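Open the model in your viewer and switch to cartoon. The tour goes stop by stop: select, look, move on.

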Amino acid sequence: MSLKIIPFRPSLAKYFRDLNLSWLEKHFYVEPKDAELLENCKSSIIDEGGYIFFAEIDSEIVGCYSLIRLDNSIYELGKMAVDGAYQGQKIGQKLMAHGIAFAQSQNWKELLLYSNTILEPAIYIYKKFGFREVVMEKDTPYERSNIKMQLVL
């Protein structure tokens, strides 16, 4: 198994949408903010100064994540999903490591993420990579979020 992490190209937008929809529908539901980002990822993420990356194994897209621009040096790490058939192979951790290394290479100040504490394995991984819980604003981008985490780079 040879995993490659590749950048966004328009032909991959459907994988970004489908991987995330599958995850959201399994654990939660699709919120308006999700629909906006997933259905129009080029205009809502890429064209706004953000990034999307994909995990590829043998020419098959098996995972993804995005870095959503909040300002010039702060990005939200979000929309990370791994195909169910490939879970348990540490692909999410490889995507996370890639995202952090990419953020550092851009000299960003911090990464933020929103999650839910019922996702205990994910929270464990975020902490493992150095994310720490911070106070969440009252008007969060996602209703399902009950935890906000920050990684100072």
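**Stop 1: the cysteines**

Select C41. In this predicted model, C41 is buried, at 3% relative accessibility. Now add C64. C64 is buried too, at 0% relative accessibility. Show both side chains as sticks. How far is the sulfur of C41 from the closest cysteine sulfur? The gap is 9.1 Å, to the sulfur of C64, which is too far for a bond. Coming from C64, the closest cysteine sulfur is that of C41, again at 9.1 Å and too far for a bond. A disulfide is a covalent bond between the sulfur atoms of two cysteines. A search of the whole structure turns up zero disulfides.

**Stop 2: the sheet**

Hide the sticks and colour the strands. There are seven of them in an open sheet, in the order β1-β2-β3-β4-β5-β7-β6, with mixed pairing. Which strands are at the edges? They are β1 (3-7) and β6 (132-134), each pairing on one side only. Turn the view to look along the sheet. On average, neighbouring strands are turned by 30° against each other, direction ignored. Next, select residues 120-128. This is helix α5, packed on the sheet, where it touches β5, β6 and β7 (147-152). The direction of α5 makes about 20° with that of β7.

**Stop 3: β2 to β3**

Select residues 51-57, which form strand β2. Add β3, residues 60-71. Strands of a sheet pair through backbone hydrogen bonds, either parallel or antiparallel. β2 and β3 pair in the antiparallel sense, over seven bridges. Label F53 and look across to β3: Y65 stands opposite.

Now go to the turn. The hairpin of β2 and β3 has two residues between the strands. Select D58, in the loop between these strands. Is D58 buried or exposed? D58 is exposed, with a relative accessible area of 64%. Check its backbone as well. Most residues other than glycine have a negative phi, and most peptide bonds are trans. D58 is not a glycine, yet its phi is positive, at about 50°.

**Stop 4: β3 to β4**

Keep β3 and add β4, residues 74-82. These two strands also pair in the antiparallel sense, over seven bridges. Find C64 again, and look opposite it for A81 in β4. A hairpin joins β3 to β4 through two residues.

Pick S73, in the loop between β3 and β4. S73 is buried, with a relative accessible area of 14%. What does S73 contact, leaving aside neighbours within four places in sequence? The contacts are W108, K109 and E110.

**Stop 5: β4 to β5**

Follow E110 into strand β5, residues 110-115. β4 and β5 run parallel and are joined by three bridges. I74 stands opposite E110.

Step back to N107, in the loop between α4 (91-105) and β5. N107 counts as exposed, at 65% relative accessibility. Here too the backbone deserves a look: N107 is a residue other than glycine with a positive phi, near 60°.

**Stop 6: L19 in α1**

Select residues 13-27, helix α1, and pick L19 within this helix. L19 is buried, with a relative accessible area of 11%. Show what L19 touches, not counting residues up to four places away in sequence. The list is I61, V62, G63, C64, A81, V82 and D83. C64 and A81, the opposed residues of Stop 4, are both among these contacts. For a distance check, draw a line from the C-alpha atom of L19 to that of Q89. The separation is 16 Å, for residues 70 apart along the chain.

**Stop 7: α1 against α2**

Keep α1 and add helix α2, residues 32-39. The two axes come within 9 Å and cross at roughly 155°. That angle makes α1 roughly antiparallel to α2. Now show the side chains at the contact. From α1, select F16, R17, N20, L21 and L24. From α2, select D34, L37, L38 and E39. How many residues of each class make up this contact? Colour by class to see five nonpolar, one polar and three charged residues.

Notes
Residues are numbered from 1 along each chain as its sequence is written. This is a predicted model: local features need pLDDT of at least 70, side-chain atom pairs count only at pLDDT 80 or more; totals for chains, interfaces and linings use all residues. Side-chain values use heavy atoms; hydrogens and water are left out. Helices (H or I, at least four residues) and strands (E, at least two) are DSSP runs, numbered from the N terminus. Buried means under 20% relative accessible area, exposed over 50%, partly exposed in between (1.4 Å probe, protein chains only). Contact means heavy atoms within 4.5 Å. Two strands pair if DSSP finds at least two bridges between them. Axes are lines fitted to C-alpha atoms, for helices over the stretch in contact, and angles run from 0 to 180 degrees between N-to-C directions. Angles under 35 degrees count as roughly parallel, over 145 as roughly antiparallel, 65 to 115 as roughly perpendicular and the rest as oblique. Ala, Val, Leu, Ile, Met, Phe, Trp, Tyr, Cys and Pro count as nonpolar, Asp, Glu, Lys and Arg as charged, and the others, Gly among them, as polar. A disulfide is a pair of cysteine sulfur atoms within 2.5 Å.
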